[in-house]
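Hi there,

Here is the structure I promised to pass on to you. Please open it alongside this email, and then read on for what turned up in it.

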Amino acid sequence: MEKKIIFRMNSPYRDDFRITGFEFGVGEKTVAIVGAMRGDEIQQQYVCAQIVKRLMKIENDGKIDKGCKILVIPNANPFSMNLEKRFWSMDNTDINRMFPGYDKGETTQRIAAALFDTLKNYTYGIQLASFYMPGEFVPHVRMLDTGYQDTADAKFFELPYIYVRKPRPYDSTMLNYNWQIWNTFAFSIYSGLTNQLNTDLAEETIHAIFRFMNSKRIVTDLQRHGYVSEIVTDDNHVVVQSKKAGIYTKLVSANHAVEKGDLLARIIDPYNGDTLDEILSPCKGIVFFAHYRPLVLEDTIIFRIIEVK
Amino acid sequence: MVTEVFSSELPIDERLTIKKNRIKGGNSEKRFCIVTGTHGDELEGQYVCFLLSQFLQEHIDDVDGVIDIYPALNPLGIDSITRGIPNFDLDMNRIFPGDPRGAMAETAANAIYNDLLGAEMVIDIHASNIFLREIPQVRINVKNADLLVPYGKELNVDFIWIHEAATVLESTLAHSLNSVGTPCLVVEMGVGMRITRHYGTSLVNGILQLLKSLGFYRGEVDIENKEQFVSTQGEVEFLNAGCSGVFIPSIDNNQWMKKGEKIGMIVNALEGNVLETVVSPCDGLVFTLRAYPIVYEGSLMARIFKKN
């Protein structure tokens, strides 16, 4: 294992900003794994730390295939995590909206440029991603439908779902999108949570990443089998929104099976405790996403259900 | 007449309401819209809305048409000094045209978009951010330059910046409207969290001039002749910090500089030394100057228009 400083920048009053990478194996750029890029991606950081720990052992045991190089960057934005801020500590910009970056541009553009310079040309790119809405997911692989995505390879993670979605204009500045444009097979892995730690869900993600690397003969590290992945798109999702604002009490979680008409959640009047609305499942399916903050606005997307017909 | 454009319930005994003020005179049903406050930390447009609303109501006999003024597209952001919509990660100006079946921010964006569709002209007023101070300027996507530059010149701004198209900008309000045939001009001026009164006054006169040329207003307009520059007459140079520290400018914004002239310095306040002397890379007009002193390597300090 070789520990490398990928990017360093001094700060007026803080310690130097450093992005640290851990390289394993010798040879072609085979797989790059990126953890937290935002300051609240604790789960993502944890997953990467465990991957580094396991790769150290695997490398010592001689079980990284010859000619394969693996790079793990557990955290591309330690400054924000140390302040518990999601985005860049000074100007609130999002590094994951700055790719492919610009080395003569603004600070986060330069960080993205340095990162991308290191991350490009890997055969496979895995990013531990998070969602812009607060909630829990069934762990899954997410891919942008750029025309370059490879859902066949995504099945090697053996996670329950592969979610392929149409890119929106703002997605064009994300790492996943740019990896794909630059011929890296890119996968975003949603490990369930953001800003919290769930070690069981993290283990599931870690197993999935090693399953992938094992299937691709990058490492020899047999894992227990996972799922036969189901490919889903927005057409398979039934979105459930709150009709009322108030205090939200959730009765089901991500990965729960529900029947049409099942009670999913209640919205409670914040003054007198009356039930303002009972959220019923509009279909039979699996809860793919569940909002988890205790307050909801009107029209908040509180569940996404993958319909089972 | 003040009406609601969008309304949604908040968790505890409050409604979020986006409002507009409709000022109507004469018989024409043509519509002209002024919007601002997409970013909650940009307040220059507040003064423009106030002055324009007050003026038009006092001169209603000279108005022919509908003038809709939307001073706060992001009321919660303005209230909480938050650039985006609080509790929503995405920039509001990156989610247009919105989604009627989306989350609250997306339904709000969609309601705003639908309300503006079909206007003769929309002016979207921005105020940079808290980091940079801008001279009054109109920004136009190169795809719309032929149509919009003549209108932009009417707005009495110093500079018209025709910028390249970028995929990420396709979800801005201006792009969403322009792409379906509702012309929209983006104004940038001043600095975040502040009001620069003379910029506001100048822009209001420009808006009145445009209203007059489009037939919405037939009264007098107080416009001073000034030289306007269009970016295609030259190039825009970006000046980014070469190191982290405290930026101390030597000049005010809106100054013509010679190549090599000092714009400022980046200093280390702890050790009392100058880390970088910032000089102009060319002869040109400084139309953007950093307002927030702390800089990191890469922080934008100035933009300079270099005339050919």
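Below are my notes, starting with the interface and moving on to salt bridges and a few single residues.

Before anything else, please keep in mind that this is a predicted model.

**The interface between the chains**

Let me begin where chain A meets chain B. The size of an interface is often given as the accessible area lost when the parts come together. Here the two chains, A and B, bury about 3200 Å² between them, and 59% of that is on carbon and sulfur atoms. On the side of chain A, the residues that lose the most area to chain B are M90(A), Y132(A) and E298(A), which together account for 18% of what that side buries. In terms of contacts, 38 residues of chain A touch 39 residues of chain B.

There is a polar side to this interface too. Between chain A and chain B the count is 13 residue pairs in polar contact, with both residues at pLDDT 80 or more. If you want to find the elements involved, α3 (107-119) and β17 (295-296) of chain A each supply at least two residues of the side that touches chain B.

The count of salt bridges between chain A and chain B is two. One pairs R15(B) with E298(A), with 3.8 Å between the closest N and O atoms; E298(A) is also among the residues of chain A that lose the most area to chain B. Another links E106(B) to R168(A), where the closest N and O atoms are 3.1 Å apart. E106(B) sits in helix α3 (residues 104-116) of chain B, while R168(A) is in the loop between β8 and α5 of chain A, so this pair joins two chains. E106(B) counts as buried at 4% relative accessibility, whereas R168(A) is partly exposed at 34%.

**Salt bridges within chain A**

Over all chains, the count comes to 34 salt bridges. I would look at R38(A) and D94(A), whose side chains meet at 2.8 Å, N to O. R38(A) belongs to the loop between β3 (27-36) and α1 (42-60) of chain A, and D94(A) to the loop between α2 (78-83) and α3, so the pair ties together parts that are 56 residues apart in sequence. Is R38(A) buried or exposed? R38(A) counts as buried because its relative accessibility is 5%, which is under the 20% cut-off. D94(A) is buried as well, at 9%. These residues are also part of something wider: R38(A), E41(A), D94(A) and R97(A) are linked in a network of salt bridges.

K166(A) and D145(A) form another such pair, with their side chains meeting at 3.0 Å, N to O. K166(A) is in the loop between β8 (161-165) and α5 (175-181) of chain A, and D145(A) in the loop between β7 (140-144) and α4 (151-154), so this salt bridge ties together parts that are 21 residues apart in sequence. K166(A) counts as exposed at 59% relative accessibility, and D145(A) as partly exposed at 25%.

**A nonpolar patch on the surface**

Both chains contribute to the next feature. I247(A), Y271(A), L295(A) and I12(B) form a nonpolar patch on the surface, with about 380 Å² of accessible area together. Within that patch, Y271(A) lies in the loop between β14 (263-268) and β15 (275-280) of chain A and is exposed, with a relative accessible area of 60%.

**Three single residues**

S299(B) is in the loop between β16 (294-295) and β17 (300-307) of chain B and is buried, at 3% relative accessible area. Leaving out residues up to four places away in sequence, S299(B) touches residues of both chains: E106(A), T107(A), L239(B), N240(B), A241(B) and R290(B).

F187(A) is in strand β9 (residues 185-190) of chain A and counts as buried, at 0% relative accessibility. F187(A) and M143(A) are 44 residues apart in sequence, with 5.9 Å between their C-alpha atoms.

V308(A) belongs to the segment after β18 (301-307) of chain A and is partly exposed, at 39% relative accessibility. Beyond its neighbours within four places in sequence, V308(A) is in contact with K284(A), G285(A) and I286(A). From V308(A) to D40(A) there are 268 residues in sequence and 33 Å in space, C-alpha to C-alpha.

Happy browsing, and best wishes!

Key
Residues are numbered from 1 along each chain as its sequence is written. Chains are lettered from A and ligands numbered from 1 in the order in which they are written. This is a predicted model: local features need pLDDT of at least 70, side-chain atom pairs count only at pLDDT 80 or more; totals for chains, interfaces and linings use all residues. Side-chain values use heavy atoms; hydrogens and water are left out. Patches are made of residues with over 30% relative accessible area and no salt bridge: like charges are joined within 9 Å, nonpolar side chains (Val, Leu, Ile, Met, Phe, Trp, Tyr) within 5 Å. Accessible areas come from the Shrake-Rupley method with a 1.4 Å probe; for residues, only the protein chains shown count as cover. A salt bridge is a side-chain nitrogen of Lys or Arg within 4 Å of a carboxyl oxygen of Asp or Glu. Helices (H or I, at least four residues) and strands (E, at least two) are DSSP runs, numbered from the N terminus. Buried means under 20% relative accessible area, exposed over 50%, partly exposed in between (1.4 Å probe, protein chains only). Contact means heavy atoms within 4.5 Å. Buried area is the accessible area (1.4 Å probe) that two parts lose on being put together, summed over both. A polar contact is a pair of N or O atoms within 3.5 Å; within protein, one must be able to donate a hydrogen and the other to accept it, and residues adjacent in sequence count only if both atoms are side-chain atoms.
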